[in-house]
Structure formats: C-alpha cells, structure tokens
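Me: I want to go through the terms used for this model. Take each label and show what it rests on.
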Amino acid sequence: MKTMPFSFKAFKLSQDWFATCLHKCLKEKALRPGKQVHATLFTSGIDINVWSLNSKLVGMYASCGDVRSARLVFDKIQNPNVFAMNWMVLACTFNGYYEEAIGYFCLMQKLGNVGNEFTFSILLKTCVGLMDVKKGKEVHALGKKVGFEDEVSVSNALIDMYCKCGEVCYAQRVFDRMVKRDVATWTSMICGYCNIGKTGQALVLFERMKLEGLEPNDFTWNAMIAGYARGGDSIGAFALFSRMTREGLVPDMVTWNAMISGFVQSQQAGEAFKLFRDMLVSGIKPNHVTLTGLLPACGLTGSIQRGREIHGLMYRMGLGINIFIASAIIDMYSKCGSVKNAQNVFDRIPVKNIASWNAMIGCYGKHGMVELSIQLFERMQEEGMQANEVTFICILSACSHNGLVEEGLKIFRSMKESYGIEVGKEHYACVVDLLCRSGRMLEAYELVKEMPIEVPDSIVGAFFNGCKIHGRKDLAKMMAQDILNMELKKPGGYVTLSNIYAADGDWEEVENVRKMMKESNNHKKPGYSWLEKMNLLERKEKVMKVRKGKVMKVRKEKVMKVRKESESERESEGKERESVKVRKRK
DNA sequence: GCAGATTCTT
C-alpha cells in the first residue's frame, strides 16, 4: 500500500475519489490506509448514505477482516443493499462468527431481499464452518426455490459443502445435474473423493475432466497429489508429481509442500530432504508450512544437524515467531535427543499456544524428566493455558515411562472431573501401560473392562503382554473370555483374540477361536459404512490418530537410537571443545 | 465490487 495516493494536494473531495481509494484498500486488504480514507471521508462531511459509499466501506473492513468496524459502519446504513449485506455475511463467516452470518442473512430476508448467487455461495461456506449439513440442505432448498441452483458458483459451493460435511453422494448428485462445469467444479469433486480416501475415484474424474477439454490447474494437481500423499501412497503421489512436471507444468509452493509432507508422513525422510533441496534449487521459496512439514523428517532419522539447518533457515526467512514452526522445532529437538535446545526454543516463544506447551511437556517426559513435565504442566495452568487431550497423553505417558504410578493415576482420575476432558483411547492406553509395567495387573484388568469406548487392539495386546511378563495367565484367560462373551466393547474380538494366540504360538487356541467364530456365525463386520457417513472433523481426527500411531511406533526405536547418537555427539563436542581450549592455550 | 479448490505443529 505504498502507492496509495495520499497526496493531500491532489485531494479531490468527490465520492469517486473515495470509491477508488476504498476499492484499492479492499483489493489489497490494507486496513490502515482504509481507516485513513474512512477518517477523511468522515471529516469531509460527505453522507455515506447518499452515495453508494456505504457498501464499499463495509466491504473494505470486511475484506480486511475487521468485523467490528464493518459492523459499526453497517449499523449506520439506512437501506443496506445486497453488497453490504453479502460483505457482512462474508466477514462473519471468515472470522468464525457463523451464527451472526446467518443472522445477517435472515435480516436480508426480512428486508425483502432474497440475495443473489454470491449470498448463497457464502452461506454454504457458513454451513461448512458450522459443520451443519442440515442447514446446508436448507440453504440448498432455498437456493433452488429462488433459482440460483443452476449458477456454477452456487453449485460449486454446494459440492464443496456436501463434500466437507461428509455427504459425498449428495455432492456427486449436484455434480451430475450440472449442465456447465468449470475447473473449480471438478476440483471440488476430486477433493471430496480424495478426502474420504477414494483416490481411485478421484483419478477417474481427473482423467474425465481432461477428456472434456478442461485443463486441471494447480489446485486440481494439488488436490490429487495431496490426496495420494495423505492416504499414505507416496509412490502414487510422486508419480503424479512427476507427471505434472513432464507435462511442462511448474509445481507451485503448495504442491511441493504436499509432496514433501507426503514423503515425511510415509516415513521416507531421505526422499523428503531430497525433494526439499530440489524445491530450493528450482527457485521456489519455502514457507512455514514447508518447514513444519519437513521437520518431523529430522526426528525420524534423528538427524539433529539437518534440524539445526532448518532451524537456522527459519530465522533467515524471518519466520522466527511462527508458532507452528516453533512447536515442530521443539518436537524435532526432543526427538533428536536435545532437551536443552528444545527448552531454548520454548523459552523464546513470546506467546505460547497449547501445541508449544504440549511439545515441551512431552519432551521432558520422553527424556525421563517427569518432575519437570509435571512442573511445566502446573506452570501452564498458572499462566492461564487450558490443558487439552494431547497434554494428558504427554503427561500420562511420561508417568508411565518413569514409573510414577500413583501420580499418573491421580492425574488420570482428575481428567474429567477437574478439567472436563473426555478420556480417550490414548489415555486409557497410557494408564493400562502404566499399570502393566508396575505389575498391577488386576487394576489394569478392571480398567480395561470399565472402558466405555471400543477397546483398541493395542491395549488388549499390551494387557496380554503384561499378563505374560507377570505370570498372570488367570487374568489373561478372563480377558479372553470377556472378549468372547462380548462383554468388552470390542467388535472383531475374535480376530484380535486369534491374532493374540497366534502371536503366542498357541495354535490350538487359534483353532478354537476360529471354530467358535464359525459356530456363532459372528463374522467381523466389514468396516466400510462409516467412511461415507463420517464427517470431516471426525475424519481429520482419525487421520491425525493414524499418523500419531505411526509416529509412536517408530518413536520408541528412534528415541533409543537418537539418545545413543546424541551421547556420542556430546562426547565428540566435548572433545572438540577441549581441543579448542588446548589450541587457545597454545 | 462480493466466491471457488491445495499445504502444517502437539
């Protein structure tokens, strides 16, 4: 906004001049100059209601994200037009005031204005924000009634809304009915399929789109590549990535990011680093997402050197204050075995968020410093930060790995009562592990039985393993019986049980379980139906959990490996320092 | 003049 014509000599006190200035501020999302224009407008005495400046003012504030100022201006408008009201709905939606956005829409209806196609596109976004398909359907019906359903923009928004709310079938129905489709239409539909893991279906659409003469753009390629990467198919993702470059297209930053984090998520740290280098060579500047995506690769291989390089790069890029990277860096140092570096980064974060606290609490826990973990947990609350589920996973696993049975149990019991946090699978897993490690098998048994949620295989496995170690075959048998009697919340119990016996080499029991399975005709239900119905939030959680699971699995090995490495590193560093000292003395 | 799809930490 340096080019704003703020030369007051050339000041033309006309509404045209104000309109041009406001438009420019709106386009460039420049709040401060916009406020200056507003102030000048105010002192000039021009009535914003006489000219159409009112909606432009609202638009300027809305586009800059200043909802409060937009609202203040809006309230002074005598007869708000569609534009002003659309801007209000938009501003409220983009800033999370979904209910208020709907309020403005209702006001619009009350004033006898049905709105236009943009009103409906924005309103559908509001429904996405609320994750409310029911409202989305209402908007759909209303839009149909007033005849906006055939607008490409509205149909696109409908597809987007249905996909994000987990109703891909409805999205497909809207898609099929469309007479004219643009790139965004296809991309939204492709995205919908990618997000529920149906990359094959997405690919079919991708090819069909090309056949119909529409060239996929960056968004389409990104959606495809990201879809494959998120589904754990880094080979498929990379095939697309290569195809994209073969077709003479230049991948943009987001595409590189998707591909890099895809490799990291499928544990291919080397490929990720290679790609990152290629990205730099091709002249694309990485952003904070690139670095947060790449950093876990350092933890995977325990390469603290690479981590330090990225850390340095972050400062050179002026991203030092970015809270997302900061947490990822803490985690990186933690996984690479350097508590001190992690702590340094943590201390330098001016405004910490929950992820930064959790990363540091987890770091202490991983390195055997439970007391510090708990101290930090307390400090966090003193500083007014609310603990979340992840915080408790960190604390409980710290207790479990360091044998703090009573403390761990106390924290576990207080979770719901004092903090109002739902106890999840991971928390149960930590505490079952805690009890098993300290040989309190009966308590572990009771805890597993009282679990109100579906008991995951990992917990059952940990329990059986504990029974083996502590010689409690009686409890193992009881648990097995409970699984068979379906007393335990465990669909597919037979399968788990036979797997457990198989892992133990007890083939006789395996055969028994199989027989029982056939007799009772109780086959494991194929788990496909929930995919269609699951909404996006749940899916995201699920994906996160799957990722976390993968990380947890390797983490143990890595931490051991890293500890060894960092020990030898410290040794060599020590030696270096000594040699430096010697040289100085000389 | 108002939209649309992609990437990220615990």
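Reply: A polar contact is a pair of N or O atoms within 3.5 Å; within protein, one must be able to donate a hydrogen and the other to accept it, and residues adjacent in sequence count only if both atoms are side-chain atoms. This is a predicted model, in which local features need pLDDT of at least 70 and side-chain atom pairs count only at pLDDT 80 or more, while totals for chains, interfaces and linings use all residues. Residues are numbered from 1 along each chain as its sequence is written, chains are lettered from A and ligands numbered from 1 in the order in which they are written, and side-chain values use heavy atoms, with hydrogens and water left out.

Me: What makes Lys27 a polar contact of DNA strand B?
Reply: An N or O atom in the Lys27 side chain is 2.7 Å from a phosphate oxygen of DNA strand B. That is within 3.5 Å, so the pair counts. Lys125 also has a side-chain N or O atom by a phosphate oxygen of the strand, at 3.1 Å. For Ser55 the partner is a base nitrogen, 3.0 Å from a polar side-chain atom.

Me: Which residues are closest to DNA strand B?
Reply: They are Asn86, Lys125, Asp182, Asn222 and Val254, out of 40 residues that surround the strand. Near means that a heavy atom of the residue lies within 4 Å of the strand. Of the strand atoms within 4 Å of the protein, 45% belong to sugar or phosphate and the rest to bases.

Me: Why is the pair of Phe377 and Phe392 called edge-to-face?
Reply: Rings of Phe, Tyr and Trp (its six-membered ring) pair if their centres lie within 6.5 Å; planes under 30 degrees apart count as stacked, over 60 as edge-to-face and the rest as tilted. By this rule the count comes to 17 aromatic pairs. For Phe377 and Phe392 the centres are 5.6 Å apart and the planes are at 75°, so the pair is edge-to-face. Phe392 and Tyr419 form another edge-to-face pair, at 5.0 Å and 65°.

Me: How do you know whether Phe392 and Tyr419 are buried or partly exposed?
Reply: Buried means under 20% relative accessible area, exposed over 50%, partly exposed in between (1.4 Å probe, protein chains only). Phe392 has 0%, so Phe392 is buried. Tyr419 has 28%, so Tyr419 is partly exposed.

Me: What makes Arg173 sit over the ring of Tyr170?
Reply: The rule asks for NZ of Lys or CZ of Arg within 6 Å of the ring centre and within 35 degrees of the ring normal. The charged end of Arg173 is 4.8 Å from the centre of the Tyr170 ring. Arg181 lies over the face of Phe175, 4.4 Å from the ring centre.
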